[in-house]
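Here's a quick briefing to read with the model open beside you. Grab a coffee and scroll along.

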Amino acid sequence: MLPRGSALAVVTAAGAGLLGWLTGRYLRGPARTYTQEREMLAAVADQSADAIIACTLDGTLTVWNSGAEAMYGWLAEEVLGTPFRGILPPGAGPALDQALAVLAAGGQIRLEESRRVRRDGSTLLVSVTVSPIRNEQGIVVAAAATERDITEKRRFEAEEKLAMERSVRAARLESLGQLAGGVAHDFNNLLAIILNYADFLADEVTGDGAADLSRIRDAADRARSLTGQLLLFAKREPTQVDVVDLNEVVTGSGELLGRTIGADIRLVCRPCGETVPVHANRGRLDQILLNLVINARDAMPDGGVVVVETDLIEIRGGSGVPLPQGRYARLTVSDTGTGMTAEVRDRLFEPFFTTKPADRGTGLGLSTVYGIVGDAGGHIGVDSAPGVGTTFRILLPHAAGRAGQADGPPVQACPSGDGQRVLVIEDEDYVRDLVVRILQENGYRTTAISEDAVVTADLADVALLITDVVLPGRSGPAVAAQLRARCPALRVLFMSGYSDAELRRRYDIAPTTRIVQKPFTAVELLATVGEALAPARQP
């Protein structure tokens, strides 16, 4: 049995040969009466699902079977005797003339893909085999073609290719997220050292040295914020939500965004005259604003203006916005850029859809914004037209209460230790020394051990274990479980530079067990240690 591709080729060639035989007889005129054999072959050719077409060497159609009628929409009596170029796209005349010249010279033409035009004006793709037709003297007098509609096949192949590209891109982004998380974890260890040793020196350095130290501290704080953004990209779970004033987001990000978009683009920030509180994660709001402003910048290659505004509105019935009635905070980002067509606007929030070159965009920026807004119970809309610019309007539910006030109880002053013994396990030497120093200077007795020394560790009067979650040999939770088997009352505090929710899910860490996130300051470490030991302090 022939493979499917070979079988199709045989059928196509046979169709062309059959057509050549029929057309050759037809072009030579009815010199003889029809025979039963001719009628049978003509019926086979006519009933073929492929279009079987013949034309003279000047391009006049002479054969048009039922397959051609179904494929193109014209009946045989409507096209026979008309030019073949009528089913070709505009501008295809020179290519047709060249093909007819090749056929007149006895050559054969095979096209894997060629564009045609249906009667209704729509286009289709066909694969084509064209052979010369000779008369009894062997002179080429016409051409016969077998055409197969491959429009759906090409569409399926294109969709399959797009799906593969999206899968590869998603896998690449997933790998990038894992890389970002790993880099952020290691960088957080370094930042913990920089931040705390800068604090240690703060009381010992004066004059210009103190000013330089302050700059180091500020730079470390900005780096801490950057690693937080890396972890935000790497993780896939909701983040802490506070009451945030949109005005503060806009004004706080203005300077950074102004430097990001370039000197030829002017950024105008117009915060509302009153507070605009929303329940959201501040980092996510910064991400929304950054993505929209960068998108606006890319739409203005020759410069322009980006306007960022905030205000409060009431949504009532019949507004056309798919949100419940009530009071909403609105963030508006407008640009004077190139704008978008309706087709692009309709697909704007699709993951991986982008009009930018492959090296300048992943198509995830606006889909990320869409997801963040949706998770917050809001809505995003866009108005745009070519040459007019683009305006994004984001609506978020108005939050009752004062902006900037975090959910939960107020933070208490961190208590000092009263001689309680703390066991510390940390594979990074400088971080371990840092933790030990902070604890000892604040009234705790500390013992630093390696994970290999867990079996022989002295647990007498140990009140708390502080261990990194990710250790070279095994996990911190596994070490803690081993120590708790010997000392069930032992309390545990984990340290990590990875996200809290990710760690709890991966290592099955109970919600009641505390995790202090690196890079931490001395104040943050002591506060968390106090919380971990608080139940033991109660009478």
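**Helix α12 and the overall picture**

Helix α12 has twelve residues, which at 1.5 Å a residue should span 16 Å, and its end C-alpha atoms are indeed 16 Å apart, so the two agree. The expected span here is 1.5 Å times one less than the number of residues in the helix. Keep in mind that this is a predicted model, where local features need pLDDT of at least 70 and side-chain atom pairs count only at pLDDT 80 or more, while totals for chains, interfaces and linings use all residues. Residues are numbered from 1 along each chain as its sequence is written, and side-chain values use heavy atoms, with hydrogens and water left out.

**Whole chain**

- The chain has 15 helices and 17 strands; helices (H or I, at least four residues) and strands (E, at least two) are DSSP runs, numbered from the N terminus.
- Of its 539 residues, 42% count as buried, where buried means under 20% relative accessible area, exposed means over 50%, and partly exposed is in between (1.4 Å probe, protein chains only).
- Among contacts with a separation of 6 or more, 64% come from residues 24 or more positions apart; a contact means heavy atoms within 4.5 Å.
- The accessible surface of the chain is about 28,400 Å², and 55% of that belongs to carbon and sulfur atoms. Accessible areas come from the Shrake-Rupley method with a 1.4 Å probe, and for residues only the protein chains shown count as cover.

**How confident is the prediction?**

- The mean pLDDT of the chain is 81, and 81% of the residues reach 70 or more; pLDDT is the predictor's confidence in each residue, from 0 to 100.
- Helix α1 (residues 4-27) has the lowest mean pLDDT among the elements of the chain, at 39, while strand β13 (residues 421-425) has the highest, at 95.
- Over residues 1-34 the pLDDT is below 50, and beyond near neighbours in sequence this stretch has 46 contacts in the model.
- Residues 404-412 also stay under 50 in pLDDT, and the model gives them eight contacts beyond four places in sequence.

**Salt bridges**

- The structure holds 27 salt bridges, each one a side-chain nitrogen of Lys or Arg within 4 Å of a carboxyl oxygen of Asp or Glu. As a reminder, side chains of opposite charge can pair when their charged atoms come close.
- In helix α6 (residues 151-202), E152 and R155 sit three residues apart, about one turn of the helix. They form a salt bridge with the closest N and O atoms 2.8 Å apart, and R155 is partly exposed at 40% relative accessible area.
- R217 pairs with D221 in a salt bridge, the closest N and O atoms being 2.8 Å apart. Because these two are four residues apart in helix α7 (residues 208-234), about one helical turn separates them. D221 is partly exposed, with 31% relative accessibility.
- Back in helix α12 (residues 429-440), D429 and R432 are three residues apart, so about one helical turn lies between them. Their side chains meet in a salt bridge at 3.0 Å, N to O.
- The two ends of that α12 pair have their own settings: D429 is partly exposed, at 42% relative accessibility, whereas R432 is buried, at 19% relative accessible area.
- Elsewhere, E113, R154 and E157 are joined into one network by salt bridges that share partners.

**Buried spots**

- R432 has company in α12, where V431, L434, V435, V436, I438 and L439 are buried too.
- T513 is in the loop between α14 (500-507) and β17 (514-517), and T513 is buried, with a relative accessible area of 14%.
- Leaving aside residues up to four places away in sequence, T513 touches V492, F494 and R504.

**Backbone oddities**

- Most residues other than glycine have a negative phi, and most peptide bonds are trans.
- A cis peptide bond joins K518 and P519, with omega at about 0°. P519 is in the loop between β17 and α15 (522-537).
- D461 isn't a glycine, yet its phi is positive, near 55°; D461 lies in the loop between β14 (445-448) and β15 (462-468).
- D508 also has a positive phi, of about 55°, although it is not a glycine. Where is D508 placed? D508 is in the loop between α14 and β17, and D508 is exposed, with a relative accessible area of 71%.
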